[in-house]
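The exchange below asks how certain descriptions of a structure are justified. Each reply sets a value against the criterion that applies.

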Amino acid sequence: MITKSNEDSSKTCLLLEPNQSLSAESCMSIIVGASVIFLLVAVAFIALGVWLIVPIVFFELVLLVVVFGAVQFRCQAKEQLSITNDSVLLEKLMKGRLWSWRFDRSHLSLLIARDEMNSIQHLSLCGNAGLVELGEFLTDDELQGLLARLNESGLRAKSPSFDSVMCC
């Protein structure tokens with residue numbers, strides 16, 4: 001998901017976030033509901049005398065909690081691009097850590113990697129701060145929209161050939 005905001009005429013901010021179809025509250029409701037069901041199944045197996053199944057039922061519950069937790073943790077990723085006339089500031093919040101890169105506009109290139117079908121695989125900023133990939137969690141349509149918004153902001157793109165190595 002891409003959110004655009006203009007703080008003033010000289011600064012544009014783009015916020016990139018992964019699509020999150022399941023909110024944290026809904027995820028917690030599913031986990032609590034599944035816990036109740038697994039607990040009832042465990043009690044039923046104990047009542048039938050098949051108590052050796054109970055550890056497997058609890059293992060499945062723990063696995064479900066771990067998977068939902070990993071998805072929620074991954075959906076917390078955010079990238080913010082602050083584009084001014086002189087510089088581009090990229091801030092990434094991934095895995096609980098914040099990384100920041102400041103690029104000088106005069107030495108900045110936008111690299112587009114495309115596949116054989118000419119669809120965008122990923123976008124990268126290349127400049128004095130290094131080579132940084134943008135929006136790795138975005139869908140193909142969102143990458144197209146991001147490219148259009150970056151072009152509106154004056155960031156020019158170049159596409160490497162299929163057999164070339166991307167470099168600054």
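Q: Which residue in strand 4 stands opposite serine 82?
A: In this predicted model, serine 82 stands opposite leucine 89 of strand 4.

Q: What makes strand 3 and strand 4 a pair?
A: Pairing requires at least two bridges. Strand 3 and strand 4 are joined by six bridges, in the antiparallel sense, and therefore satisfy the criterion. The link between strand 3 and strand 4 is a hairpin through three residues.

Q: How do you know that strand 4 is also paired with strand 5?
A: The criterion is again at least two bridges, and eight bridges join strand 4 to strand 5 (residues 97–104), the two running antiparallel. Leucine 93 has leucine 98 in strand 5 as its bridge partner, and serine 87 stands opposite aspartate 104 of strand 5. Strand 4 and strand 5 form a hairpin with two residues between them, and lysine 95 in the turn has a positive phi of about 55°.

Q: Why is strand 4 described as largely enclosed by the rest of the structure?
A: A residue is buried when its relative accessible area is under 20%. Six of the eight residues of strand 4 are buried, so the description applies.

Q: Which residues touch the most other members of the largest nonpolar core?
A: This core has 25 residues, and those with the most contacts to other members are Leu81, Val88, Leu123, Leu125, Leu134, Leu146 and Leu150. Elements that each supply at least two residues include strand 3 (78–83), strand 4 (87–94), strand 7 (120–127) and helix 3 (140–152). Helix 3 gives the most, with four residues.

Q: What does leucine 134 touch, apart from residues up to four places away in sequence?
A: Leucine 134 touches Glu79, Leu81, Leu90, Leu110, Leu123, Ser124, Leu125, Leu143, Leu146 and Leu150. Apart from the largest core lies another, of six residues, among them Ala34, Ala42, Val54 and Val57.

Q: Why is helix 1 called roughly antiparallel to helix 2?
A: The axes of helix 1 (residues 24–48) and helix 2 (residues 54–74) come within 9 Å and cross at roughly 175°. Angles over 145 degrees count as roughly antiparallel, which makes helix 1 roughly antiparallel to helix 2. By class, their contact has 18 nonpolar, two polar and one charged residues. Among the residues of helix 1 that take part are Ile30, Phe38 and Phe45, and helix 2 contributes residues including Phe58, Glu60 and Leu64.

Q: Why is valine 71 classed as it is: buried, partly exposed or exposed?
A: Valine 71, in helix 2, has a relative accessibility of 42%. Buried means under 20% and exposed over 50%, with partly exposed in between; valine 71 therefore counts as partly exposed. Its C-alpha atom is separated by 9.3 Å from that of glutamine 20, 51 residues apart along the chain.

Q: Why does glutamate 17 count as buried?
A: Glutamate 17 lies in the loop between strand 2 and helix 1. Its relative accessibility is 16%, and the limit for buried is under 20%, so glutamate 17 counts as buried. Leaving aside neighbours within four places in sequence, glutamate 17 is in contact with Met1, Ala77, Lys78, Phe137 and Leu138.

Q: How far apart in space are glutamate 17 and asparagine 118?
A: From C-alpha to C-alpha, glutamate 17 and asparagine 118 are 24 Å apart, and they are 101 residues apart in sequence.

Key
Residues are numbered from 1 along each chain as its sequence is written. This is a predicted model: local features need pLDDT of at least 70, side-chain atom pairs count only at pLDDT 80 or more; totals for chains, interfaces and linings use all residues. Side-chain values use heavy atoms; hydrogens and water are left out. Axes are lines fitted to C-alpha atoms, for helices over the stretch in contact, and angles run from 0 to 180 degrees between N-to-C directions. Angles under 35 degrees count as roughly parallel, over 145 as roughly antiparallel, 65 to 115 as roughly perpendicular and the rest as oblique. Contact means heavy atoms within 4.5 Å. Ala, Val, Leu, Ile, Met, Phe, Trp, Tyr, Cys and Pro count as nonpolar, Asp, Glu, Lys and Arg as charged, and the others, Gly among them, as polar. A nonpolar core is a set of buried Ala, Val, Leu, Ile, Met, Phe, Trp, Tyr and Cys residues joined through side-chain atoms within 4.5 Å. Buried means under 20% relative accessible area, exposed over 50%, partly exposed in between (1.4 Å probe, protein chains only).
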